[in-house]
Amino acid sequence: MKGKNQLSVPSKYWLLIITTICIIFIGLSLVSEKASGPFKAVADYTVVPMQKGINRVGMYLSDLTENFDTLQDVKAENKSLKKKVDSLTISNNRLQQDKYELERLRELYKLDQTYSDYEKVGARVIGNNGSNWFSTFTIDKGSEDGIKVDMNVIAGTGLVGIVTKVGPHSSEVRAIIDDQSNVSGMVLSTSDTCVVRGDLKLLSDGRIRFEQLANNTTKVKEGEQIVTSQISSKYVQGILIGYISEINVDDNNLTRSGYITPVVDFKKLQEVLVITSTKKDLVEKKK
């Protein structure tokens, strides 16, 4: 243990030794550039290779430092670009939503023009019965907005349903596809009346049923328009319900029945128009 301590060299001496060696090599390097003869040969085998090695180490460390700085710059740039991409994605989603909403509002405007004889107010759908189909749903307009029970609701290109319950700021609507819905309909081309019944079991096929169409001499075929009838007690006249997709003569040979393809998409209701006069109001105005 004592012998080991005697061989140890203080740190300050090591620093002095290393410094001295470096000074010697620097001096030799400078001298070797002007030296000749045997000394030049010795320098070529000792100083020059070491100098090249030191230069390579220096260049490697310099490249490593530069690459590290570049990597940090790239990371910072990627972070900034990611923020921009996220911001652009959000903006694009908003623009897409605005685009689709504008298209829906244009459809409502066309619908408003189609039924210009009736005063209407726009409303948003804010809830439904929890299924994929809007057989019953809630809108964001109520008695404070002039909404009353039995007001007709339209969207797309035709009839959606009727208001069944009204609160101060919201109302409930029953659609014509609901099992409890019965609408007095009429074949537009012949004025023959029928009853349009809601049937949730038919929704997967995109159809609703009509019944009690007289089996008379008038020819009614597939593709005929069915609209609300003038004899309906709750629905205003002439609102398009849909197109006949199938028609058959009943067993009693007195009536015909079949199926209608509705003109409203009852899976995607978002905005509707409420006709602000009930059928009763319109009848009383004519008296």
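The following conversation walks through a predicted model, one question at a time.

Trainee: In which order do the strands of the closed barrel that includes strand 10 run?

Mentor: Strand 10 belongs to a closed barrel of six strands with antiparallel pairing. Neighbouring strands of this sheet are turned against each other by 40° on average, direction ignored. Read around the barrel, the order is 6-7-8-11-10-9.

Trainee: Which residue of strand 11 does N248 stand opposite?

Mentor: Strand 10 covers residues 240-249 and strand 11 covers residues 255-262, and the two pair in the antiparallel sense over seven bridges. Within this pairing, the residue of strand 11 that stands opposite N248 is S257.

Trainee: What is the order of the strands in the closed barrel that contains strand 12?

Mentor: Here too the model shows a closed barrel of six strands with antiparallel pairing. Its neighbouring strands are turned by 45° against each other on average, when direction is ignored. The strands of this barrel run 1-2-5-4-3-12.

Trainee: Which residue in strand 5 stands opposite V163?

Mentor: Strand 4, made of residues 158-166, pairs with strand 5 in the antiparallel sense, and five bridges join them. Opposite V163, in strand 5, stands V173.

Trainee: How far from D178 is the nearest side chain of opposite charge?

Mentor: D178 is found in the loop between strand 5 (171-175) and strand 6 (182-187), and leaving aside neighbours within four places in sequence, D178 is in contact with S135, T136, G198, D199 and L200. D178 is buried yet has no salt bridge. A salt bridge would need a side-chain nitrogen of Lys or Arg within 4 Å of a carboxyl oxygen, whereas the nearest side chain of opposite charge, R174, lies at a distance of 4.6 Å.

Trainee: Is S143 buried, partly exposed or exposed, and what is its relative accessible area?

Mentor: S143 is found in the loop between strand 2 (136-139) and strand 3 (152-155), and, not counting residues up to four places away in sequence, S143 touches V166, G167 and P168. Although S143 and G167 are 24 residues apart along the chain, their C-alpha atoms are separated by 6.0 Å. Since buried means under 20% and exposed over 50%, S143 counts as partly exposed, with a relative accessible area of 41%.

Trainee: Which residues touch the most other members of the largest nonpolar core?

Mentor: The largest nonpolar core has 49 residues, and V196 is among those that touch the most other members. Leaving aside neighbours within four places in sequence, V196 has contacts that include V183, I208, F210, I226, I241 and I260. The complete group that touches the most other members is F137, I176, V196 and L269.

Conventions:
Residues are numbered from 1 along each chain as its sequence is written. This is a predicted model: local features need pLDDT of at least 70, side-chain atom pairs count only at pLDDT 80 or more; totals for chains, interfaces and linings use all residues. Side-chain values use heavy atoms; hydrogens and water are left out. Two strands pair if DSSP finds at least two bridges between them. Helices (H or I, at least four residues) and strands (E, at least two) are DSSP runs, numbered from the N terminus. Axes are lines fitted to C-alpha atoms, for helices over the stretch in contact, and angles run from 0 to 180 degrees between N-to-C directions. Buried means under 20% relative accessible area, exposed over 50%, partly exposed in between (1.4 Å probe, protein chains only). Lys and Arg count as positive and Asp and Glu as negative; His and the chain ends are not counted. Contact means heavy atoms within 4.5 Å. A nonpolar core is a set of buried Ala, Val, Leu, Ile, Met, Phe, Trp, Tyr and Cys residues joined through side-chain atoms within 4.5 Å.
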